[in-house]
Amino acid sequence: MSPTTQQAFILPAKFANFYVGPRPVPQPGPGFVLVKIESAALNPVDNFIQKAGYFVEEFPGVTGNDAAGTVEEVGEGVTNVKKGDRVVYQGWWNHADRGTLQQYGLADAAEFGIAKIPGNISFDEAATIPLGLATAVVGLYGEREDPMTMGRGGRTGLIPPWDAAGRGAYSGPALVTGGASSVGQFAIQLLKLSGYSPIITTASAHNEAYCKAAGATHVIDYRKVSYPELPAAVAQITSAPVSIVYDAISLEDSQKASWQILAPNGNVIVTLPPVVGKTGADAEDGKRLVYTFGAVHDPTNREVGRAMYRALPGLLAEGLLKPNAVEVLPDGLAGVQGGLDRMANGKVSGVKLIAHPQETV
Ligand SMILES: NC(=O)c1ccc[n+]([C@@H]2O[C@H](COP(=O)([O-])OP(=O)(O)OC[C@H]3O[C@@H](n4cnc5c(N)ncnc54)[C@H](OP(=O)(O)O)[C@@H]3O)[C@@H](O)[C@H]2O)c1
């Protein structure tokens with residue numbers, strides 16, 4: 001039997017401080033499973049939710065998008081996973097039971113925002129994947145045109161590399177800003193699977209090997225070469241048109257450089273509100289801006305999300321997709337606030353911060 005109460009990292013009200021405290025262990029309804037969460041990742045959006053008051057509208061709330069653990073209980077109609085399976089899943093903000101910064105969470109098995117973890121991947125590694133990968137996948141291969149919340153939307157029209165028609169189907173250079181970020185790591189790997197080469201990225205010098213292991217061919221140190229200087233630095237590496245840019249950083253200077261580097265009829269994907277182009281619309285020279293939204297449970301992302309989760313175990317087992325590097329925080333959920341503070345202060349480099357909810361002190 002699962003316990004009836006658990007420890008959670010709770011947001012008591014909009015803009016309030018998080019605290020670690022008790023809340024009920026939910027029961028899975030039809031299509032859902034209860035997961036005992038062994039590893040949960042921290043994301044910049046957890047800070048954004050608390051500071052900007054977005055996404056979570058019911059309080060007390062629980063944030064957290066990324067979880068890995070063991071299926072404890074299975075709701076009616078679930079056939080794709082069973083009790084005892086090691087799973088990774090993406091949380092959702094519509095209910096505290098679906099947040100992942102807690103000891104037990106509900107996963108939507110019917111929507112396939114869940115996958116079994118292959119034996120070569122640990123819980124910590126698996127928990128680095130959901131939001132980062134979905135943000136890269138939706139931006140690169142999302143199928144919906146609809147502009148969504150806060151102006152998100154647009155589509156590149158690229159075929160994903162888990163389809164035979166998309167694997168290695170593209171060529172020419174690609175640029176990824178922030179190759180050491182969680183999203184950037186996945187974007188590099190996906191672009192490599194799609195066939196792009198060379199893959200140029202920006203990162204601190206000490207993360208060069210991390211970016212190259214993901215598939216980057218050239219790593220530009222953005223602390224030495226500023227974003228206004230990036231177009232010239234890229235031009236020194238390749239004279240071929242750069243038809244795809246994944247701007248994982250998406251600050252004003254990286255977006256402006258990305259837009260400048262992008263070839264006519266190319267696609268740039270941004271992760272933060274656009275300051276260049278117009279979401280989902282072609283510019284006069286055919287340049288297109290896609291503003292990604294890495295939530296597979298959002299109605300506009302379900303199709304690509306389902307396909308991604310079906311492909312995920314195979315990609316991981318074959319070593320075609322690697323999780324992010326991991327740093328485990330101490331004290332379980334009690335260590336999360338310290339991790340979020342470090343993240344807010346730019347003190348996280350080349351790792352995904354992971355909490356072990358079961359080790360909460
Ligand atoms: N739209 C969405 O749905 C969505 C979803 C997820 C994330 N996001 C956003 O996407 C961004 C990336 O998220 P994340 O989780 O991948 O971040 P993250 O892993 O926390 O990013 C940390 C990394 O960013 C790199 N970095 C910081 N400033 C940089 C710069 N100017 N140029 C190059 N690299 C830089 C650092 O690289 P070095 O250590 O090498 O310096 C660091 O390793 C965030 O702004 C986040 O809010 C949006």
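This dialogue explains how to read the ligand site and some backbone features of a predicted model.

Colleague: What should I know about the model beforehand?

Modeller: It is predicted: local features need pLDDT of at least 70, side-chain atom pairs count only at pLDDT 80 or more, and totals for chains, interfaces and linings use all residues. Residues are numbered from 1 along each chain as its sequence is written, and side-chain values use heavy atoms, with hydrogens and water left out.

Colleague: How many residues surround the ligand, and which are the closest?

Modeller: A residue is near a molecule if one of its heavy atoms lies within 4 Å of it. Here 26 residues surround the ligand, the closest being Val-183, Ser-204, Tyr-222, Tyr-227 and Ser-349.

Colleague: Where does the ligand lie relative to domain 1 and domain 2?

Modeller: Domain bounds come from an automatic or database domain assignment. Domain 1 (5-129 + 323-359) and domain 2 (132-291) both give residues to the shell around the ligand, so the ligand lies between them.

Colleague: Which peptide bonds are cis?

Modeller: Most peptide bonds are trans. One cis bond runs from Phe-59 to Pro-60, with omega near -5 degrees; another joins Ser-197 and Pro-198, with omega about -5 degrees.

Colleague: What is notable about phi in Phe-15 and Asn-265?

Modeller: Most residues other than glycine have a negative phi. Phe-15, although not a glycine, has a positive phi of about 70 degrees. Asn-265 likewise has a positive value, near 65 degrees. Asn-265 lies in strand β13 (residues 262-270); strands are DSSP runs (E, at least two residues), numbered from the N terminus.

Terms used:
Helix = DSSP H or I, 4+ residues; strand = E, 2+ residues; numbered from the N terminus.
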